[in-house]
Every structure is written in structure tokens, then in C-alpha cells.
Amino acid sequence: MDEKFDIQEYMTKGVERVVSDALKATLKDPRESAFMVKFAAASKASSRKRKKAEARGEHIPPFLIASITSKCNLHCAGCYSRCNNATVDSEPVAQLTAEEWGRIFKEADELGISFILLAGGEPMLRRDVITAAAETPDILFPIFTNGTFVDGKYLEMFDKSRNLLPIISIEGEREVTDARRGEGIYDHLISNMNKLHEHGLIFGASVTVTTQNIREVTTESFLNKLSDRGCKVVIFVEYVPVSDDSAYLAPGDEDREYLAAEISRLRNSHPEMVYISFPGDEKNSGGCVAAGRGFFHINSHGGAEPCPFSPYSDVNIKDKPLRDALNSPLFMALRAGDILKDTHEGGCVLYEKKELVEKLLNEASKSL
């Protein structure tokens, strides 16, 4: 990686592009557009906070992923979270309370974090935490949901608090979605998308991209069906293999190049929607942006982790402020070394090199 690469500048430009695209996408919706104008101003203020921190030698990422529950009602094929035993069926114990999450959200706002992605398990099972998120209006909270818990109370909350943005997981058309998420789920998702649209609420879609569906989920037909129902954001999440048997599903370099080209085309031809790829083009971002370079992860029990796909932690947010978690020995070691810049076959470099991450974790734990 070029030593002159400026990760803060790279991430700031990325945030500015997302916000700019969102403004264009909401021009025909007065309430959403008004919110996005306010959020654009808040995002610029957050960017100034991050730049000031960078000037004094402290790096603050613009994104945080918060897994606010370990519980989920679905059993999706190839779920990395269930494979890591991070998602369960029973009521989890010792999870962070809504008050603790509220503190984290406020600290994130003070540091200059602009986006907090709420994940799980199924995050909409934690209405109390989502209520706490609504009380932090200068942060945008995309809620990565399986889309099965959209009810009247949530419709009212989303209408009142426009910083809450449901991102509904869908794998493509009916056949591929039901194959991964369960029979009848596709129709359930379409029904709930229609409810959101009928109430004048925008939403996004999260698509897990594999070698098997990458062509389908970038077609005009699939994306137009989402757009017609009020979808304004499509996030393409590259599949991370949970076993050697599923490695063939992870997009390789050729697939990533195809996806990047398609996203570029879609941004130009369909400005009414925002298109994002995660983790995106690592070559242009100087490597993986986990471990606080561009984002980090807090699990439902408070452990600060490099990434949801790399569930290793040496700091718990119950015991430390968010700033300290960002500068944990493990995060510092990952950012200082070469592992985030390493090449890998597909999916996630930290998942692929988990033995090396475990070694760094052991060394970090000894320093505490």
C-alpha cells in the first residue's frame, strides 16, 4: 500500500458521496429530503470532528456496526453469525441494555461517527434499543433487518424518526431468497415493503452477493421492483464463507470488478437510488477498513470486535468508553501491521487469516 494513502480522506469522500447520492434520491420526497439536508449538515460537522482528531494523531472512523441482539427468528443458510455462535434461538443473557446502547450512541456522536449500522441477530426484536437510536438524530441508523417484524408501531416510529432507515435483507427473486431464508419469506418481505411504501416511508435493501446470484441482483428487473416499492438504498454485501465447503460462493477479484462496474453504471443511470458495496474495493481503500480504519463492530454483549466476520475482542464497552475501545491493543496491532493489507481469495481477509488474528489477540491480552 502507498504510504501516502490517506484513509481519513478516503472515508470522508466516501461518506460525502453517500450523503450526496441520498440527497438526489430523496428529492421527490419533501420530508425525506428535509431530513437529508439536516443530516448532510450534521455529517459535515462530524467530518470536522474526525479531521480535528486526525490532526492530533487520533483516527476516528465514520461507521460503527452495532449488533444489538443475539436472537433471530430465521435460520438462513450459511449465516456467519450462527456459525460463530453469535446468534441463537433462545433469549440471550447479559446483553447490553437500551441505556448502555444509548450511552454508546451519544459517545459515537461526540466522537464524530456519522453512521451506526444496527444488526443482530434480528435487530427489530430490540424495540427499546431502536427507540434509543431515535433519540440521537444527528446519526443515521440503517437497521439491517430480515424484514419480518414490520408492524404498526414501527411504521409510526420510522415516520416520526427519519434517522431510522430499515434495510431489508433479500437475496434476489423469490426462488433464491426462499432457498436461503425460508419458504414464503420473499412474499412476506414484498408485503412489508408495500406497507412501508403505502405509509410514505423509504427503506433500503441488503443483498448478500454470491457467485450464484451476482448477475441476478444487478439486473434492471430486480432493482426496478425494489425501486417501484420505495427502496432508495441497495447495499451489496459480499458473501463470507462459513466453511471450506461454501468457499466457492465468495466473490473473487473478477466478480468484484464486475460488481464495481455495475455499481458505477447504476449510479449514473439510476440516481433515484443509492448503491453501496461492502466491503467494496479494498485495493482503492488501501486494504480492509475493519478494526477502526473505516468501521468496527460491537457485539450484543459489549465486546468491541474488528468486524462481524472476525469475532475477537480484548475490550468490553461496559468497562471502557468508546474512544478506548477504538484504541484497544488488538485494534492497534491490526492497524499497525500488514494483515489488513494482505491479499485473500475472497470474502474477508480477517476471516481467512483468523489464526493470525487469534495470535494477535493473545499477544494483545497479555499487554492488558
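Analyst: A charge is said to sit over a ring if CZ of Arg or NZ of Lys is within 6 Å of the ring centre and within 35 degrees of the ring normal. The structure discussed here is a predicted model.

User: What makes the charged end of Arg127 count as sitting over the ring of Tyr154?

Analyst: The charged end of Arg127 is 4.2 Å from the centre of the Tyr154 ring. The limit is 6 Å, so this distance meets that part of the rule. Arg127 is also reported to sit over the ring, which means that the condition on the ring normal is satisfied too.

User: Which ring does the charged end of Arg215 sit over?

Analyst: The charged end of Arg215 sits over the ring of Tyr258, at 3.9 Å from its centre. This value is again within 6 Å, so the distance condition holds here as well.

User: Why is the contact of Arg181 with Glu171 called a salt bridge?

Analyst: The closest N and O atoms of Arg181 and Glu171 are 2.6 Å apart. A salt bridge requires the side-chain nitrogen to be within 4 Å of the carboxyl oxygen, so the pair qualifies. The two residues come from distant parts of the chain: Arg181 is in helix H7, whereas Glu171 is in the loop between strand S4 and H7, 10 residues apart. Glu171 also meets the side chain of Arg180 in a salt bridge, with 3.4 Å from N to O. In general, side chains of opposite charge can pair when their charged atoms come close.

User: How do you know whether Arg180, Arg181 and Glu171 are buried or exposed?

Analyst: Each relative accessibility is set against the cut-off for buried, which is under 20%. Arg180 has 18%, so it counts as buried. Arg181 has 10% and is therefore buried. Glu171 has 2%, so it is buried as well.

User: What makes Asp338 and Lys341 a salt bridge?

Analyst: Their side chains meet at 3.7 Å from N to O, and this value is within the 4 Å limit, so the pair is a salt bridge. Asp338 has 52% relative accessibility, which is over 50%, and therefore counts as exposed. Lys341 has 35%, which lies between the two cut-offs, so it is called partly exposed.

User: How many salt bridges are there in the whole structure?

Analyst: A search of the whole structure finds 18 salt bridges. Some residues are joined in a network of such bridges: Arg31, Glu32, Asp159 and Arg162.

User: Why is the aromatic pair of Phe35 and Phe39 given the name it has, in terms of the angle between the planes?

Analyst: By the ring-pairing rule, the structure has 8 aromatic pairs. In one of them, the ring centres of Phe35 and Phe39 are 6.1 Å apart and their planes differ by 20°. The centres are within 6.5 Å, so the rings form a pair; the angle is under 30 degrees, so the pair is stacked. Both residues lie in helix H2, 4 residues apart, about one turn of the helix. Both are buried. Ring pairs also link Phe35 and Phe39 with Phe63 and Phe115 into a cluster.

User: Is the pair of Phe105 and Phe141 stacked or edge-to-face, and what makes it so?

Analyst: Phe105 and Phe141 form an edge-to-face pair, with 5.0 Å between ring centres and 70° between the planes. The angle is over 60 degrees, so the pair earns that name. The pair links distant parts of the chain, with Phe105 in helix H4 and Phe141 in strand S3, 36 residues apart. Phe105 has a relative accessible area of 0%, so it is buried. Phe141 is likewise buried, because its relative accessible area is 0%.

User: What polar contact joins the side chains of His270 and Glu220, and how do you know it qualifies?

Analyst: The contact of His270 with Glu220 is 2.8 Å, and the limit is 3.5 Å, so it satisfies the distance condition. The side chain of His270 makes a further polar contact of 3.0 Å with the side chain of Glu272. His270 is placed in the loop between helix H10 and strand S7. Its relative accessible area is 15%, so His270 is buried.

Key
Residues numbered from 1 in each chain as written. Predicted model: local features only at pLDDT ≥ 70, side-chain atom pairs only at ≥ 80, totals over all residues. Heavy atoms only, no water. Buried < 20%, exposed > 50% of the residue type's maximum accessible area, 1.4 Å probe, protein only. Phe/Tyr/Trp six-rings, centres within 6.5 Å; stacked < 30°, edge-to-face > 60°. Polar contact = N/O pair within 3.5 Å; in protein donor to acceptor, adjacent residues only side chain to side chain.
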